[in-house]
Amino acid sequence: MHMRRAIFPGSFDPLTNGHLDIIRRSAPLFDEMIIAVLNNPDKHPMFLVEERCAMIREVLPTVDTGNCSVTVDNFSGLTADFAKRSGATAIVRGIRAVSDYEYELRMALMNRRLEPSIETVFLMAAEEYSYVSSDLMKQIFRLGGRVEGLIPELIESKMREKK
Ligand code: PNS
């Protein structure tokens, strides 16, 4: 049987409930999905790529992904290359608001130019996560604000350990 495999690439620094929402929504569309965590040490992430992967693996069982087999891997270099190397035919990305569209369109068109056999599939995140981003979560957390309900509890406690 032909397996429909997708990658869901991102920085995931850290994973938010918005990401989990996209994982849950995209799972029924594919047989296999790889959460592809970008190794980007030059961006000085809050969490090392291995920490980000481990946290996602720990939180994944809380999401109903049905028959889709979801795994977590890290990558360096081009997303299009990683997708090709993984045997994926789709790149999943979430769109929250119109403001995401321009950036996502540029990346999707560039990735299509790099790997014409791979399509980017956009899913709309739930409205309640439309203002949730990893960057805002980190900023609010650092300044002592409340992020409960917007990121998994496990990840919130890992953030607290980093403080
Ligand atoms: O979670 P993010 O930060 O919005 O994800 C951005 C990501 C990782 C998808 C993007 O930065 C990316 O694809 N980086 C890998 C390098 C690459 O392929 N660049 C060209 C994109 S057209």
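**Group meeting: a β-α model with a buried salt bridge**

Of the 163 residues in this protein, 48% count as buried. What you have in front of you is a predicted model, so please hear everything that follows as computed from that model.

Let me start with the fold. The protein has six helices and five strands. Going along the sequence, the order of elements is β-α-β-α-β-α-β-α-β-α-α. The radius of gyration is 15 Å, close to the 15 Å that the globule rule gives for 163 residues, so the protein is as compact as a globular protein of that length. Along the principal axes, the C-alpha trace spans about 45 × 30 × 30 Å.

Next, contacts and surface. Take the contacts with a sequence separation of 6 or more: 75% of them are between residues 24 or more positions apart. The exposed area of the protein is about 9200 Å², and carbon and sulfur atoms supply 52% of that.

Now the charges. There are 21 positive and 23 negative side chains. How far apart do the centres of the two sets lie? They lie 3 Å apart.

The structure holds 13 salt bridges, and I will go through a few of them. One is between K138 and D13, with the closest N and O atoms 2.8 Å apart. Where do the two partners sit? K138 is in helix α5, residues 134-142, while D13 is in the loop between β1, residues 5-10, and α1, residues 17-26. The pair therefore ties together parts that are 125 residues apart in sequence.

Are these two residues buried or exposed? K138 counts as buried because its relative accessibility is 11%, with under 20% as the cut-off. D13 also counts as buried, at 5% relative accessibility.

A second salt bridge is formed by the side chains of R25 and D21, at 2.9 Å from N to O. Both residues belong to helix α1, and because they are four residues apart there, about one helical turn separates them. R25 is partly exposed, with a relative accessible area of 34%, whereas D21 counts as buried at 5%.

The third one I want to show is E119 with R112, where the closest N and O atoms are 3.8 Å apart. Here E119 is partly exposed, at 41% relative accessible area, and R112 is partly exposed too, at 39%. Some salt bridges share partners, and in this way D13, D135 and K138 are joined into one network. That brings D135 in alongside the pair I began with, K138 and D13.

While we are in this part of the chain, a word on E115. This residue is in the loop between α4, residues 98-114, and β5, residues 119-124. E115 counts as buried, with a relative accessibility of 14%. Which residues does E115 touch, leaving aside neighbours within four places in sequence? The contacts are with A80, D81 and K84.

The last topic is backbone geometry. As background, most residues other than glycine have a negative phi, and most peptide bonds are trans. There are three places to look at against that background.

First, go back to the loop between β1 and α1. D13 and P14 are joined by a cis peptide bond, with omega at about 0°. P14 lies in that loop between β1 and α1, as does D13, the salt-bridge partner of K138.

Second, F12. This residue is found in the loop between β1 and α1 as well. Although F12 is not a glycine, its phi is positive, at about 50°. With a relative accessibility of 2%, F12 counts as buried.

Third, H44, which is found in the loop between β2, residues 32-38, and α2, residues 49-59. H44 is not a glycine either, and its phi is positive at about 50°. Is H44 buried or exposed? H44 is exposed, with a relative accessible area of 69%.

To pull the loop between β1 and α1 together: F12 there has a positive phi, the bond from D13 to P14 is cis, and D13 forms the salt bridge with K138. When you go back to the structure, I would start with that loop.

Note on methods: Residues are numbered from 1 along each chain as its sequence is written. This is a predicted model: local features need pLDDT of at least 70, side-chain atom pairs count only at pLDDT 80 or more; totals for chains, interfaces and linings use all residues. Side-chain values use heavy atoms; hydrogens and water are left out. Helices (H or I, at least four residues) and strands (E, at least two) are DSSP runs, numbered from the N terminus. The radius of gyration is taken over C-alpha atoms; the globule rule is 2.2 Å times the number of residues to the power 0.38. Buried means under 20% relative accessible area, exposed over 50%, partly exposed in between (1.4 Å probe, protein chains only). Contact means heavy atoms within 4.5 Å. Accessible areas come from the Shrake-Rupley method with a 1.4 Å probe; for residues, only the protein chains shown count as cover. Lys and Arg count as positive and Asp and Glu as negative; His and the chain ends are not counted. The place of a charge is taken as NZ of Lys, CZ of Arg, CG of Asp or CD of Glu. A salt bridge is a side-chain nitrogen of Lys or Arg within 4 Å of a carboxyl oxygen of Asp or Glu.
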